[in-house]
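Here's a quick briefing to read with the model open beside you. Have a look at the chain first, then work through the points in whatever order suits you.

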Amino acid sequence: LPDMNGLDAFARIRDIDPWHLAAELTSLNAGLHAHRESWGRLTETGTALCPVVDGEVLPETPWPALTGTRASGTELLVGHARDEFRYFSVVSGRYGTFTEQDAHAALELLAPQPDGARAYRAAFPQAGPEELVETVYSDALFRMPSQKLAEANAAAGGTSYLFELCWVAPALGGILGACHSLDVPLAFGTLDSPVGTQLIGEEPTPEAVALSRELQEAWVRFVTTGDAGWSAHRPGGHLTRVLDTESKTLPYPEQASRQIWEGHSPAPFDLS
């Protein structure tokens, strides 16, 4: 709706059937590569939805704001899945097809500069192209933003609770791993929703039900008391709740990636 002001655009969008809007967004996401020249790195993510740093509503990204004392810490519950990018590679039909050229392009595009590509190859010496693509996409888009937000918030005086979902989605024989979106039906208890049945199956296993209950209880406890129920994520300790069939509180599991990103903040997406 490029020719409308904000209120007109909002009114038009409000009246659109939600399923129609979702279908149009899916279609747009499928053709993102056509907008590479004007939308930059965003077109490589597979989704056109992201916060926009406009200098007014969102003045800057949270990591420098927190570390630069321009924002005070707060109580924060944040988390990510272990295999975030797997969902996108499977649904796009790319799973199992990534080449060395794809890995080179992904590392150059998303790894922290100037030495990130070399650092990834050194940290994961046995990784083939598929694992390198999946790791750097998962890190740059989801895992490192979550971990760095928890760390920066704690350093600014807040209390951060970080989790990593490691429970494998049962659908498709488990190839989705602990993928993006799996935490949504678990956290909201909507195991029978379209996303829930797509990832977990028509009949949720006892493990899925138990993990869903655990995550819901953590959310409710955090909202009501400010305590998620496990040790906080603090600089130096990096304790993280690893959600699985048997959940445990451990040092942050993705230490190799965290060290690669040490001293680097995830870059916001630009519109050229």
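What follows covers helix packing, aromatic pairs and a handful of single residues.

Keep in mind that this is a predicted model. Helix α6 is a good place to start, since it packs against helix α8 at an angle of about 20° and against helix α7 at about 125°. Beyond the helices, a search of the whole structure turns up 9 aromatic pairs, and some loop residues have backbone geometry worth a look, including a cis peptide bond from Q113 to P114.

**α6 against α8**

- Helix α6 spans residues 100–110 and helix α8 spans residues 129–155, and their axes sit 8 Å apart.
- With an angle of about 20° between them, α6 and α8 come out as roughly parallel, because angles under 35 degrees count that way.
- The crossing of α6 past α8 is left-handed.
- On the α6 side, the contact is made by E100, D102, A103, A106, L107, L109 and L110.
- On the α8 side, P129, L132, V133, V136, Y137 and A140 do the touching.
- Sorted by character, the residues of this α6–α8 contact are 11 nonpolar, no polar and 2 charged.

**α6 against α7**

- Helix α7 covers residues 116–123, and its axis is 8 Å from that of α6, at an angle of about 125°.
- That angle makes α6 oblique to α7.
- The α6–α7 crossing is right-handed.
- From α6, the contact takes in E100, A103, H104, L107 and E108, while α7 brings A117, Y120 and R121.
- The tally for the α6–α7 contact is 4 nonpolar, 1 polar and 3 charged residues.
- E100, A103 and L107 turn up in the contact with α7, and E100, A103 and L107 are also listed in the contact with α8.

**The loop between α6 and α7**

- P114 lies in the loop that joins α6 to α7.
- The peptide bond leading from Q113 into P114 is cis, with omega near 10°.

**Aromatic pairs**

- One of the pairs is F85 with F98: the ring centres are 6.4 Å apart and the planes meet at 45°, so the pair is tilted.
- F85 sits in the loop between β1 (75–81) and α5 (86–91), F98 sits in the loop between α5 and α6, and the two are 13 residues apart, so to speak linking distant parts of the chain.
- Both partners are tucked away: F85 is buried at a relative accessible area of 7%, and F98 is buried at 14%.
- Y120 and F124 make another pair, with ring centres 6.1 Å apart and planes at 20°, so this one is stacked.
- Y120 and F124 are both buried, and Y120 is also one of the α7 residues in contact with α6.
- Ring pairs tie F85, Y87, F88, F98, Y137 and F142 together into a cluster.
- Y137, a member of that cluster, is also part of the α8 side of the contact with α6.

**D83 and its neighbours**

- D83 is in the loop between β1 and α5.
- Its relative accessibility is 9%, so D83 counts as buried.
- Leaving aside residues up to four places away in sequence, D83 touches E134, S138, L176, G177, A178, C179 and H180.

**G68 and A152**

- G68 is in the loop between α4 (62–67) and β1.
- At 28% relative accessibility, G68 counts as partly exposed.
- G68 and A152 are 84 residues apart in sequence, yet their C-alpha atoms are 9.5 Å apart in space.

**Positive phi in the loop between β2 and α9**

- L172 is located in the loop between β2 (159–165) and α9 (183–188).
- The phi of L172 is positive, at about 55°, although L172 is not a glycine.
- L172 counts as exposed, with 56% relative accessibility.
- S181 is found in the loop between β2 and α9 as well, and its phi is near 85°, again a positive value in a residue other than glycine.
- S181 counts as buried, with a relative accessibility of 19%.

Definitions and conventions: Residues numbered from 1 in each chain as written. Predicted model: local features only at pLDDT ≥ 70, side-chain atom pairs only at ≥ 80, totals over all residues. Heavy atoms only, no water. Axes fitted to C-alpha atoms, helices over the stretch in contact; angles between N-to-C directions. Helix = DSSP H or I, 4+ residues; strand = E, 2+ residues; numbered from the N terminus. Left-handed = near helix turned anticlockwise from the far one by under 90°. Contact = heavy atoms within 4.5 Å. Nonpolar A, V, L, I, M, F, W, Y, C, P; charged D, E, K, R; others polar. Parallel < 35°, antiparallel > 145°, perpendicular 65-115°, else oblique. Phe/Tyr/Trp six-rings, centres within 6.5 Å; stacked < 30°, edge-to-face > 60°. Buried < 20%, exposed > 50% of the residue type's maximum accessible area, 1.4 Å probe, protein only.
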